[in-house]
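Student: I have a structure to look at before I go back to the bench. Can we go through it in short turns?

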Amino acid sequence: MSKPSVYVTRLIPQVGIDLLQAECQVEINPHDRPLTHQELLENVQGRDGILCLLTDKIDAEVFDAAQGVKGIANYAVGYDNIDVPEATKRGIPVSNTPGVLTDATAEMAWALLFAVCRRVVESDAVMRSGQWPGWGPLQFIGGDVTGATLGIVGAGRIGTAMGLKSKGFQMKVLYSDAIRNEVLEQQLQAEKVDFDTLLEHSDYVSIHVPLMPETRHLFGKNAFQRMKKTAYLINTSRGPVVNEAELVDALQAGEIAGAALDVYEKEPVMAEGLKDLKNVVITPHTASATISSRGGMARLAATNLLAMLKGAKAPNCLNPEVYKQ
Ligand SMILES: NC(=O)c1ccc[n+]([C@@H]2O[C@H](COP(=O)([O-])OP(=O)(O)OC[C@H]3O[C@@H](n4cnc5c(N)ncnc54)[C@H](O)[C@@H]3O)[C@@H](O)[C@H]2O)c1
């Protein structure tokens, strides 16, 4: 019997490729860039399985092109790039990679939090420029972390890890989520509050919600006006959760003290003016970029796809209802 044909839309860590190659005929996007939508449509034709990335828009057109596909494995925990309801309608299972990148992403949120409030990037630039005149009592004064209030918007896996890592800084933790988080409440005496209360009382607001219609532009002008003028925003979730143009306005107007972002509304492009602001730290969507996390994502995505190719329920299936159809 011939091996199933799998398409991988970009080179991922070898551990995932090895798992797939042991059982499948594997073709990988040869370019070190995301495929265009047209290239994606051409390459998914006749495949049994697709391993895709958050930069691939997997929509009805792709499902039309990939007639007979047995499964789609996303190399990410977020799956806003995939039209899952459409996949379900067509009986195509879809999976993601939860858990393996939780700590890495929370660690990046902490790295960004410190970088922005202690003005690390701005200070580094001055040192490199040769313009530092020597120690000064008013130079680079930033926000305090110990004893401050951390607001977590979306207390799921990553939001919980973000909260738990605050222990060493004796912070007061607030969170907003539809679901009660007993871990945060029991271990940190965290308080579940509504979104507006969180904005009004937090010194650091860290975003960990998935991108969904309800969370698109959750952060805009109104949210920034509710935040403390001394507060910082940290976003490691998805860019469109924040209205980036309105964030630039808020930062320029001094409505909040600063922002640290790993994700952008229209990646790889940033809103006009964002990169010119000194009170902003910007990283290129690298929150999960650690050795174990990226390797874990590759292993999990491949494992999910192999299960789907065998007609079995993938460990991280997002639409298990397809198996009941
Ligand atoms: N920057 C990166 O590289 C990177 C890496 C990993 C994950 N992420 C993003 O982080 C997101 C969260 O990942 P996770 O594993 O913690 O997911 P999760 O599903 O465990 O947690 C998400 C939480 O958000 C809550 N939520 C949903 N809508 C909400 C709303 N309107 N207000 C408040 N809470 C709401 C959910 O109830 C859930 O508890 C992913 O969807 C992904 O987009 C980004």
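Tutor: The questions below go from the annotation to the ligand and then to the surface; the model is predicted.

Student: What does the UniProt annotation covering residues 7-319 say?

Tutor: The record is an unreviewed entry. Over residues 7-319 the chain is 35% helix and 14% strand, with the end C-alpha atoms 21 Å apart. For that range the entry gives "domain: D-isomer specific 2-hydroxyacid dehydrogenase catalytic".

Student: Which residues are closest to the ligand?

Tutor: The ligand is surrounded by 25 residues. The closest are Arg157, Ile158, Asp177, Thr236 and Asp262.

Student: Which residue places a polar side-chain atom 3.3 Å from an oxygen atom of the ligand?

Tutor: Set the backbone contacts aside. A polar backbone atom of Ile158 is 2.8 Å from a ligand oxygen, and one of Thr236 is 3.0 Å from a ligand nitrogen. The side-chain atom belongs to His285.

Student: How much of the ligand's accessible area does the protein cover?

Tutor: Start from the ligand on its own, with 870 Å² of accessible area. The share covered by the protein is 84%.

Student: Is Trp132 buried, partly exposed or exposed?

Tutor: Trp132 sits in the loop between helix H6 (120-129) and strand S6 (149-153). Its relative accessible area is 40%. Buried means under 20% and exposed over 50%. Therefore Trp132 is partly exposed.

Student: What is the area of the nonpolar surface patch that includes Trp132?

Tutor: Residues in a patch need over 30% relative accessible area. Trp132 has 40%. Met127 and Trp135 make the patch together with Trp132, and its area is about 430 Å².

Conventions:
Residues are numbered from 1 along each chain as its sequence is written. This is a predicted model: local features need pLDDT of at least 70, side-chain atom pairs count only at pLDDT 80 or more; totals for chains, interfaces and linings use all residues. Side-chain values use heavy atoms; hydrogens and water are left out. Patches are made of residues with over 30% relative accessible area and no salt bridge: like charges are joined within 9 Å, nonpolar side chains (Val, Leu, Ile, Met, Phe, Trp, Tyr) within 5 Å. Accessible areas come from the Shrake-Rupley method with a 1.4 Å probe; for residues, only the protein chains shown count as cover. A salt bridge is a side-chain nitrogen of Lys or Arg within 4 Å of a carboxyl oxygen of Asp or Glu. Helices (H or I, at least four residues) and strands (E, at least two) are DSSP runs, numbered from the N terminus. Buried means under 20% relative accessible area, exposed over 50%, partly exposed in between (1.4 Å probe, protein chains only). UniProt positions are given in the numbering used here, feature names are shortened, and annotations may be inferred rather than shown by experiment. A residue is near a molecule or strand if one of its heavy atoms lies within 4 Å of it. A polar contact is a pair of N or O atoms within 3.5 Å; within protein, one must be able to donate a hydrogen and the other to accept it, and residues adjacent in sequence count only if both atoms are side-chain atoms.
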